[in-house]
Amino acid sequence: MTDSNLPHGRDSLTEDLRWRGLIQDSTDLDELRELLDGGTATFYVGFDPTAPSLHVGHLMQVITARRLQLAGHRPLLLVGGATGQIGDPKESAERTLNPPEVVAGWVQRIRDQLAPFVSYTGENAAQLVNNLDWTGEMSVVEFLRDVGKHFPVNKMLAREVVKARLETGISFTEFSYQLLQANDFFELHRRYGCQLQYGGSDQWGNITAGVDYIRRRGAGPVDAFTTPLVTKSDGTKFGKTEGGSVWLDPAMTSPYAFYQFWVNADDRDVSRYLRYFSFRSRQELEELEKATAERPQARLAQRALAEELTTLVHGEREMAQAVAASQALFGRGSLEELTPETLRAALTEAGLVHLTELPDVAGLLKESGLVPSMKEARRVIAEGGAYVNNNRIAAVDATVSPADLLHGRYLVLRRGKRSFAGVELRK
């Protein structure tokens, strides 16, 4: 991979990261600058398999790994086959431990999911690693003697998440998680010459514990930094919708829903998201921010971000289908050109009702929830505000036939310009 996506050349990587707001904490900013703006550094970032897929909350770390590799550095992408069986402590309560065979299945799925984001060829080829490879073969005595003796309990108790759990209780299992993650950094340093770890700001305590552990073992030097927690201006949690988490797996969150998540980003957030997630240069982003401020109703920044990230995660074809669906549903494109999968995903997001027989158009409007009553449905039709498959309905007693069904089973209903819903005929 090359540094062609950097705005001012290789020597500006650290400043580019800082301009984007991607460095919240660092062990030593001057050392970090020397490491990132000097030669080729080996770095690692970890992902615990706590679900069968990564979600958009992981994109900060995944995209930062890609960004560093584009600048010439070598990624180690760690999937926690060991730490995923333990779980980093939460402030609320003890985690539910998943069976080892379930975690192993998730490890493979997440490894496959990470693969497209980085390059596995070239001088700075990425490598996927699993901490179960060194943790699984370690005995309890080895763990206590070789790792545990380097961790003062008073420092471990000072972690905010641990202090929050002391009154309600925390198991030794979760309490020990910090030791496992610190040992990962040491093993990657020993085995691969890893010089840098980064992660989310909530990992700062674990990350600095690893830096300190490597020093106590007489190794190093190593450095670390954290990226900020991604937040939303309205106070709701980033990466969540009414339907739940926004996953990277297309079987769990469709490419259309993924695209819409970014299109619907709040105007107050989108400039920050562009800096975090886009590979556009600083100049391009500043021009886009200016154009968006001048024409906020066009949602230029949101659409640019949605297209870039949907292409990166799901590919150009799925991105094109998502764009086509978003246009076609509002009468600005052909519904017939949408694949059944994209059409169903789009209608599911809007509200898809399942019927075993087709009533007249007024009945369809009522059944879909676009109107509260048959009387209102007939009024909307009479006023010219009802559409089926983007065709305006003129007669209040209009009906549809099986020939009108898209892909033999779907109808797209619209009231006015912006309210639409879907019908699926099930036989």
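**Close-up views of a predicted model**

**View 1. Helix 17 lies across part of a sheet.** Helix 17 (residues 340-350) lies across strand 9, strand 12 and strand 13 (419-425), and runs at about 40° to strand 12. Helices (H or I, at least four residues) and strands (E, at least two) are DSSP runs, numbered from the N terminus. For the angle, axes are lines fitted to C-alpha atoms, for helices over the stretch in contact, and angles run from 0 to 180 degrees between N-to-C directions. Contact means heavy atoms within 4.5 Å. This is a predicted model, where local features need pLDDT of at least 70 and side-chain atom pairs count only at pLDDT 80 or more, while totals for chains, interfaces and linings use all residues. Residues are numbered from 1 along each chain as its sequence is written, and side-chain values use heavy atoms, with hydrogens and water left out.

**View 2. Here's the open sheet of five strands.** Its order is 9-13-12-10-11, with mixed pairing. Strand 9 (352-355) and strand 11 (391-392) sit at the edges with a single partner strand each, so one side of each has no neighbour in the sheet. Two strands pair if DSSP finds at least two bridges between them. Strand 10 (residues 386-388) and strand 12 (residues 410-415) pair in the antiparallel sense over three bridges; Ala-386 has Arg-415 in strand 12 as its bridge partner.

**View 3. Now for an open sheet of six strands.** The strands go in the order 1-6-5-2-3-4, and the pairing is mixed. At the edges you'll find strand 1 (25-26) and strand 4 (127-130), each with a single partner strand, so one side of each is left without a neighbour in the sheet. Strand 2 (residues 42-47) and strand 3 (residues 74-79) run parallel, joined by six bridges, and Thr-42 stands opposite Arg-74 in strand 3. Helix 3 (residues 59-70) packs on this sheet and touches strand 2, strand 3, strand 5 and strand 6 (223-227). The direction of helix 3 makes about 165° with that of strand 2.

**View 4. Gln-203 sits in a loop.** Look between strand 5 (196-200) and helix 11 (204-216) to find Gln-203. Gln-203 counts as buried, at 16% relative accessibility (buried means under 20% relative accessible area, exposed over 50%, partly exposed in between, with a 1.4 Å probe and protein chains only). Leaving aside neighbours within four places in sequence, Gln-203 is in contact with Asp-88 and Gln-181.

**View 5. Phe-172 is exposed.** Phe-172 is found in helix 9 (residues 172-175) and has a relative accessible area of 59%.
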